[in-house]
Amino acid sequence: MTTYPQSTVTLLFFLSLLNVSCSKEEQKQPNPTTFPIRGEVVAIDTAKHRLMISHEAIPNYMDAMTMPFKVKNLGLLMSAQVGDSIQGVLAVSKNETWLKSFTVIGRGEEQRKE
Ligand SMILES: [Cu+2]
């Protein structure tokens, strides 16, 4: 059996730690494609981290429709209210699609009454 010097073993150990700290997703998809998106929030599902959005057509990606979008950042998700108009950036990787960022550009009926 071959024995390795202690320094080599230590180096390999740290390299393996580095590897674990990078998610598989990031390794496979370092640069997700992004598309601008505009739409209205129809429903909010904080448990599943999803916003149901009635979105306008996204050139070169999809037609206008109502569908759920994953929002990874819970704080961002909570910044929206049902009825809000939002404008943001949709990220699309090989394995997933998610709403990377957005800003509320108009408050819905419910909020305007208050
Ligand atoms: Cu869609």
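## Burial and overall make-up

Of the 114 residues in the protein, 15% are buried, a figure that refers, like every other value in this report, to a predicted model. The secondary structure comes to four helices and five strands, and these elements follow the pattern α-α-β-β-β-α-β-β-α when read along the sequence. Among the contacts with a separation of 6 or more, 50% are accounted for by residues 24 or more positions apart.

## Strand pairing

Strand 4, which covers residues 85-92, is joined to strand 1 by eight bridges, and the two run antiparallel. In this pairing Thr33 stands opposite Val92 of strand 4. Strand 4 is also joined by eight bridges to strand 5, residues 97-106, and here too the strands run antiparallel; in this second pairing Ile86 stands opposite Val104 of strand 5. The connection from strand 4 to strand 5 is a hairpin that passes through four residues.

## The nonpolar core

The largest nonpolar core has 12 residues in all, namely Ile37, Val41, Leu51, Ile53, Phe69, Val71, Leu77, Ala80, Ile86, Leu90, Leu99 and Phe102. At least two residues of this core are supplied by each of strand 1, strand 2, strand 4 and strand 5. As a general background to such a grouping, nonpolar side chains in soluble globular proteins tend to be buried together.

Leu99, whose place is in strand 5, can be taken as an example of a core member. Leu99 counts as buried because 26 C-beta neighbours lie inside 10 Å, where the cut-off for burial is 20 or more. When residues up to four places away in sequence are not counted, Leu99 touches Leu51, Phe69, Lys70, Val71, Gly88 and Leu90. One of these partners, Leu51, is 48 residues apart from Leu99 in sequence, while the C-alpha to C-alpha separation of the two is 8.8 Å in space.

Phe69, another residue of the core, touches Arg50, Leu51, Ile53, Trp98 and Leu99, again not counting residues up to four places away in sequence. Leu51 thus appears among the contacts of Phe69 and also among those of Leu99.

## Loop residues with positive phi

Most residues other than glycine have a negative phi. Against that background, His49 has a phi near 60°, a positive value in a residue other than glycine, and Asn60 likewise has a positive phi, near 65°.

His49 is found in the loop between strand 1 (33-45) and strand 2 (50-55), and since 18 C-beta neighbours lie inside 10 Å, His49 counts as partly exposed. Asn60 has its place in the loop between strand 2 and strand 3 (65-70), and with 7 other C-beta atoms within 10 Å this residue is exposed, because the cut-off for that class is 12 or fewer.

## The loop before strand 4

Gln81 lies in the loop between helix 3 (74-78) and strand 4, and with 13 other C-beta atoms within 10 Å Gln81 is partly exposed. Although Gln81 and Val42 are 39 residues apart in sequence, their C-alpha to C-alpha separation in space is 8.6 Å.

Note on methods:
Residues numbered from 1 in each chain as written. Predicted model: local features only at pLDDT ≥ 70, side-chain atom pairs only at ≥ 80, totals over all residues. Pairing = 2+ DSSP bridges. Contact = placed C-beta atoms within 7 Å. Core = buried A, V, L, I, M, F, W, Y, C linked by C-beta atoms within 7 Å.
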